[in-house]
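Student: I would like to learn how to read a ligand site from coordinates. Where should one begin?

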Amino acid sequence: MTHTMKHPVTVTVTGAAGQIGYASLFRIAAGEMLGADTPVRLRLLEIPAGLKAAEGTAMELADCAFPLVESIDVTDDPNTGFEGANLALLIGSRPRTKGMERADLLEANGGIFSVQGRAINDRAADDIKVAVVGNPANTNALIAASHAPDVPLERFTALTRLDHHRAVAQLALATGSPVDQIEGVAIWGNHSASQYPDLFHATVAGRSAVDLLTQQGLGQDWLENTFISKVANRGAEVISVRGGSSVASAAHAALMHVHDWVLGTGESWTSMAVPSDGSYGVAEGIISSFPVRCTGGVYEIIHGLEHSDFSQKRIAASVAELVEEKQAVASLGLLGPR
Ligand code: NAX
């Protein structure tokens, strides 16, 4: 390694033996998340049932002889897994199985994310940044944060970057323009079907996206019944076509979420679910998606956007779902001391 290399970063990935874990780890190891100048120490955290498969993944990671990888550790102990962690991708969670009620789902995940929140609180490095991928992602992030009172609240985030990318892709398709011409798309609310993908501040090659769409005869009906529903239900559509849930696109979104948080967005925006600061009428005390800009390892919610009644209602509906989820986990006793 040369003197231009940065200090190594300890990255903990939970659910390391799962599909998204597998699709993420090799790209993290190759430097696609933190850059080609940042060595990584990888920690693969699994449950006992996933340990052997995670060890197999670690063997393959070793077999790639990635120059940036300083170490690879596999464990099923959260305290060991988060020891000295600078970045945590919380991917492993308990998916909803047939016949499972929402309360059962929240409870099963509450068990996972409370333990991990405590371990992060006690063991992680002072600059820990957490990105929750495992569903229900926003509320899982809230549970983890509530059990980590010594970690600044703003370090707990959840992934809505996949929804953001899906929205950009659909807008590119509808306007026949390349994705790199699109700016100002935003995802608001929950990473669920209630989310609000917002095009009203978006531009395509510097022109208002809404004006362009209107010129093409794509109005409110297209917005509500095609665009929003397509983005919000894209996960289900992928399952029905591919025969399995989104994996590589989710892994890519997780990497880009962390990449931009750490390395910056420049002047453009992205979307992240972050603790609400109360702006746009989003209740404080929940983790909700906002448009953000990142600089110097810190994200900042974009303030001062004007919303139509339609947008306000859509945001409020998704926020109401997050408040309900919070009340449900609180009444199950899953929230910690924060
Ligand atoms: P898999 O079932 O393939 O992998 C999950 C892995 O997590 C398993 O290996 C399991 O053993 C492990 N695990 C479970 N509990 C754990 C714990 N307490 N500690 C460590 N590891 C644990 O699922 P995969 O397809 O990888 O999806 C992972 C999660 O991402 C799911 O919750 C899924 O719903 C969620 N998703 C989130 C998305 C987002 O945009 N936020 C999109 C894609 C995906 O649906």
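Tutor: Begin with what counts as near: a residue is near a molecule if one of its heavy atoms lies within 4 Å of it. The model here is predicted.

Student: Which residues around the ligand come nearest?

Tutor: There are 21 residues around the ligand, and Gln19, Ile20, Glu46, Ser93 and Asn135 come nearest. By class, the shell holds 10 nonpolar, 10 polar and 1 charged.

Student: Which polar contacts does the ligand make with Gln19, Ser93 and Asn135?

Tutor: A polar contact is a pair of N or O atoms within 3.5 Å. For Ser93, an N or O atom in the side chain is 2.5 Å from an oxygen atom of the ligand. For Asn135, a side-chain N or O atom is 2.9 Å from a ligand oxygen atom. With Gln19, a polar backbone atom is 2.9 Å from an oxygen atom of the ligand.

Student: How much of the ligand does the protein bury?

Tutor: The ligand taken alone exposes 870 Å², and 82% of that is buried by the protein. The space that the ligand takes is the largest pocket.

Student: Why does the ligand lie between domain 1 and domain 2?

Tutor: Domain 1 (9–158) and domain 2 (161–325) both give residues to the shell, so the ligand lies between them. Among the helices, α1 (19–29) and α4 (102–123) each supply at least two residues of that shell.

Student: What should one note in the backbone?

Tutor: Look at omega and phi. The peptide bond from Asn135 to Pro136 is cis, with omega near -10°. Pro136 is in the loop between β5 (129–132) and α5 (137–146). Ala65, a residue other than glycine, has a positive phi, near 45°. Ala65 is in the loop between α2 (51–63) and β3 (69–75).

Definitions and conventions:
Residues numbered from 1 in each chain as written. Predicted model: local features only at pLDDT ≥ 70, side-chain atom pairs only at ≥ 80, totals over all residues. Heavy atoms only, no water. Polar contact = N/O pair within 3.5 Å; in protein donor to acceptor, adjacent residues only side chain to side chain. Areas by Shrake-Rupley, 256 points an atom, 1.4 Å probe, with all protein chains shown as cover. 1 Å grid on protein atoms, 1.4 Å probe; cavity = no way out; pocket = protein on both sides within 12 Å on 5 of 7 lines; lining within 4 Å. Sits in = over half its atoms within 2 Å of the grid points. Helix = DSSP H or I, 4+ residues; strand = E, 2+ residues; numbered from the N terminus. Nonpolar A, V, L, I, M, F, W, Y, C, P; charged D, E, K, R; others polar. Domains from an automatic or database assignment.
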